[in-house]
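Here's a quick tour of one model, taken a piece at a time. Have the structure open and follow along.

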Amino acid sequence: MAQEVAVIIGSGSIGVAIGRVAGIGRRVLLADYSEETMNAVAGQLRGEGYDVTTHQVDISDHDAVAALADTSASAGDITRVVIAAGVSPVQATTERVLHVDLLGTAYVLEEFGRVIAQGGSGVVIFSMAGHMGEGYPRDIEHALAYTPTAELLDLPFLAADKVGNSGAAYTLAKRGNALRVQAAATTWGARGARINSLSPGIISTPLAQDEMSGPFAEGYRNMIRTSAAGRMGTPAEVAAIAGFLLGPEGAFITGSDLLMDGGVIAAMRAGQL
């Protein structure tokens, strides 16, 4: 019987928390843009009893993603895929957000959709940002979902000057990601596999802690105060829901995006924010 493999793309707090669940009883292939961060996390996981190998990857590079998929498939049956890589609007330009968060995710969905094992499942971590605003016209949403990946950034409305600042790019990318996941559910389904996404709100990670002391700190505090939960979420909570979606309990769920934000979007739509 072939070894089962869990591929964890992104070695931040949320990706690692999910990896601890998805990697139990499986060989873990940890991939990240930063070799330093990835290697440090891999060492920690090995100390916890996980069988971990590493692979440096830039998900905005198609060839690099294809190589990651091939390497993962050569290690065994890929039964879990966790995509938790990306950049934030304070870290990157409009162009970089579109290349990493939108195009990069599309590359991963496409390449792992050709190697995922029967009975396998994947989860992509997005952001509540994709649920903000009034949404986009139907033709734009259809294009975001179904345009061939190689042509995605050629769409006229994705030109940097049309998108706007990196915050607008981030919101657009996250909405586009959810649409791509729904579309990918059909191709993953043809291989007997499932793919879903999670859109967390403010989760207590090192990045969120940085934001809480940055120029947008008051906005973050206001979202937390106004939300029904009245607090930040934890990586463990995200991992618990991701584990449900990835596991047998979630076997009838595919192509879905689950918002878990403590009630921030609800407060926004109620006019409280």
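## A linked set of charges

Let's start with Arg114, which is partly exposed, with a relative accessible area of 37%. Keep in mind that this is a predicted model. The side chain of Arg114 pairs up with that of Glu111 in a salt bridge, at 2.5 Å from N to O. Is Glu111 buried or exposed? Glu111 is buried, because its relative accessible area is 7% and anything under 20% counts as buried.

There's a third member here: salt bridges with shared partners tie Asp70, Glu111 and Arg114 into one network. As a general point, side chains of opposite charge can pair when their charged atoms come close.

## Where H3 meets H4

Glu111 turns up again in the packing of two helices, as one of the H4 residues that meet H3. Helix H3 covers residues 62-75 and helix H4 residues 94-113. The two pack at an angle of about 35°, and their axes lie 9 Å apart. As for handedness, H3 passes H4 in a right-handed crossing.

Which residues make the contact? From H3 come His62, Val65, Ala66, Leu68, Ala69 and Ser72, and from H4 come Tyr107, Val108, Glu110, Glu111 and Phe112. Sorted by type, the residues of this contact are seven nonpolar, two polar and two charged.

## More salt bridges

How many salt bridges does the model have? The count comes to 11. One of them joins the side chains of Arg20 and Glu48, with N and O 2.8 Å apart. This pair links distant parts of the chain, with the two positions 28 residues apart: Arg20 sits in helix H1 (residues 13-22), while Glu48 is in the loop between helix H2 (35-47) and strand S3 (51-56). Arg20 counts as partly exposed, since its relative accessibility is 26%. Glu48 also falls in the partly exposed class, because its value is 39%.

Another salt bridge runs between Glu218 and Arg225, whose closest N and O atoms are 2.7 Å apart. Glu218 is partly exposed too, at 45% relative accessibility.

## The buried side of H5

Last stop: helix H5, residues 138-146. Which of its residues are buried? They are Ile140, Glu141, Ala143, Leu144 and Ala145. As for what covers them, the list includes H4 and helix H7 (166-189). So H4 shows up twice in this tour, because H4 packs with H3 and is also among the elements covering the buried residues of H5.

Terms used: Residues are numbered from 1 along each chain as its sequence is written. This is a predicted model: local features need pLDDT of at least 70, side-chain atom pairs count only at pLDDT 80 or more; totals for chains, interfaces and linings use all residues. Side-chain values use heavy atoms; hydrogens and water are left out. Axes are lines fitted to C-alpha atoms, for helices over the stretch in contact, and angles run from 0 to 180 degrees between N-to-C directions. Helices (H or I, at least four residues) and strands (E, at least two) are DSSP runs, numbered from the N terminus. A crossing is left-handed if the near helix is turned anticlockwise from the far one by less than a right angle, and right-handed if clockwise. Contact means heavy atoms within 4.5 Å. Ala, Val, Leu, Ile, Met, Phe, Trp, Tyr, Cys and Pro count as nonpolar, Asp, Glu, Lys and Arg as charged, and the others, Gly among them, as polar. A salt bridge is a side-chain nitrogen of Lys or Arg within 4 Å of a carboxyl oxygen of Asp or Glu. Buried means under 20% relative accessible area, exposed over 50%, partly exposed in between (1.4 Å probe, protein chains only).
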